[in-house]
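Thanks for coming. I will go through one model this morning, starting with the charged pairs and ending with a helix.

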Amino acid sequence: MLILIKIFYRQLHVMDETHVINQVKEDVCYVSQDFYKDMEIAQLKGEANTVMRDYILPDFSTIKKGFCKPREEMVFSGKYKTSEQILRLTNERFAVPEILFHPSDIGIQEMGIPEAIVHSVQNLPEEMHPHFYNNIILTGGNTLLPGFRDRVYADVRSLTPCECDVSVLLPENPVTHSWEGGKLLSESSDFMDMVVTRDDYEENGHSICEEKFDI
């Protein structure tokens with residue numbers, strides 16, 4: 001959210017109110033399927049700019065929660081005749097999520113999510129690659145951004161061999177999906193065979209992990 005959190009308003013210091021900016025991200029951001037095309041649209045003027053959105057920031061008095069103004073109510077020329085604090089967003093809507101796919105855009109020399117997926121699979125035995133490419137499950141709140149699943153699929157597909165099928169699944173509730181999976185695992189009869197307890201680790205140290213997991 002580095003692009004957004006540099007913005008200051010009269011009654012709102014967004015560096016301190018990070019939850020407000022997170023709400024803006026959830027309400028208006030999306031993952032672009034064609035970054036350069038969307039960037040061209042974002043540079044257009046007036047109603048031709050279909051990316052542009054106006055976000056009403058909360059004042060915590062009359063407006064408790066921010067919201068996106070309906071496009072038909074937006075003022076494309078001149079100023080609004082209201083006292084509302086309005087944050088106009090154009091390329092920020094898709095440039096912020098793009099960091100997840102190209103961290104180098106903001107100077108972070110790391111792999112994006114699709115590259116990290118492919119890198120992880122490539123480190124497995126070759127005979128397992130098709131099974132993992134065909135069973136990619138997205139978890140976490142950012143996966144709810146519109147276009148996230150389609151973009152991950154397209155990018156992973158472009159990085160994998162043609163003979164491998166690629167399947168990217170978005171669970172009904174990706175925010176809690178990992179926890180739900182862990183809960184099911186903890187209820188299995190052989191769960192204790194898969195873990196090292198704190199007492200065992202404190203008594204034996206790292207050697208207990210090597211012994212139990214053959215590492």
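Is Asp54 buried or exposed? Asp54 is buried, because its relative accessibility is 0% and the cut-off for buried is under 20%. Keep in mind that this is a predicted model.

So what does Asp54 form a salt bridge with? The partner is Arg88, and the closest N and O atoms of the two are 2.7 Å apart. Asp54 sits in strand 3, residues 53-56, and Arg88 sits in strand 5, residues 86-89. The two residues are 34 apart, and the pair links distant parts of the chain. Arg88 itself has a relative accessible area of 34%, which means it is partly exposed. To put the two ends of this bridge side by side: Asp54 is buried, whereas Arg88 is partly exposed.

How many salt bridges does a search of the whole structure find? It finds six. I will take two others.

One is between Arg149 and Asp150, where the closest N and O atoms are 3.1 Å apart. Arg149 counts as partly exposed, at 29% relative accessibility. Asp150 is also partly exposed, at 42%.

The other joins the side chains of Arg151 and Asp155, at 3.0 Å from N to O. Both of these residues are buried. Both lie in helix 6, four residues apart, which is about one turn of the helix. This pair also belongs to something wider: Glu98, Arg151 and Asp155 are linked in a network of salt bridges.

That brings me to helix 6 itself. Helix 6 runs over residues 148-159, 12 residues in total. At 1.5 Å a residue the helix should span 16 Å, and its end C-alpha atoms are 17 Å apart, so the two values agree.

Which residues of helix 6 are buried? They are Phe148, Arg151, Val152, Asp155 and Val156. These residues cover an arc of only 120° around the axis, so they lie on the same side of helix 6. The salt-bridged pair Arg151 and Asp155 is therefore part of that buried side.

What covers these buried residues? The cover includes three helices: helix 3 (92-98), helix 4 (113-122) and helix 5 (129-133). It also includes strand 6 (136-137) and strand 7 (168-169).

To recap: Asp54 in strand 3 is paired with Arg88 in strand 5, and Arg151 and Asp155 are paired within helix 6. That is all I have.

Methods: Residues numbered from 1 in each chain as written. Predicted model: local features only at pLDDT ≥ 70, side-chain atom pairs only at ≥ 80, totals over all residues. Heavy atoms only, no water. Expected span 1.5 Å × (residues − 1). Buried < 20%, exposed > 50% of the residue type's maximum accessible area, 1.4 Å probe, protein only. Arc of directions from axis to C-beta. Contact = heavy atoms within 4.5 Å. Salt bridge = Lys/Arg side-chain N within 4 Å of Asp/Glu carboxyl O.
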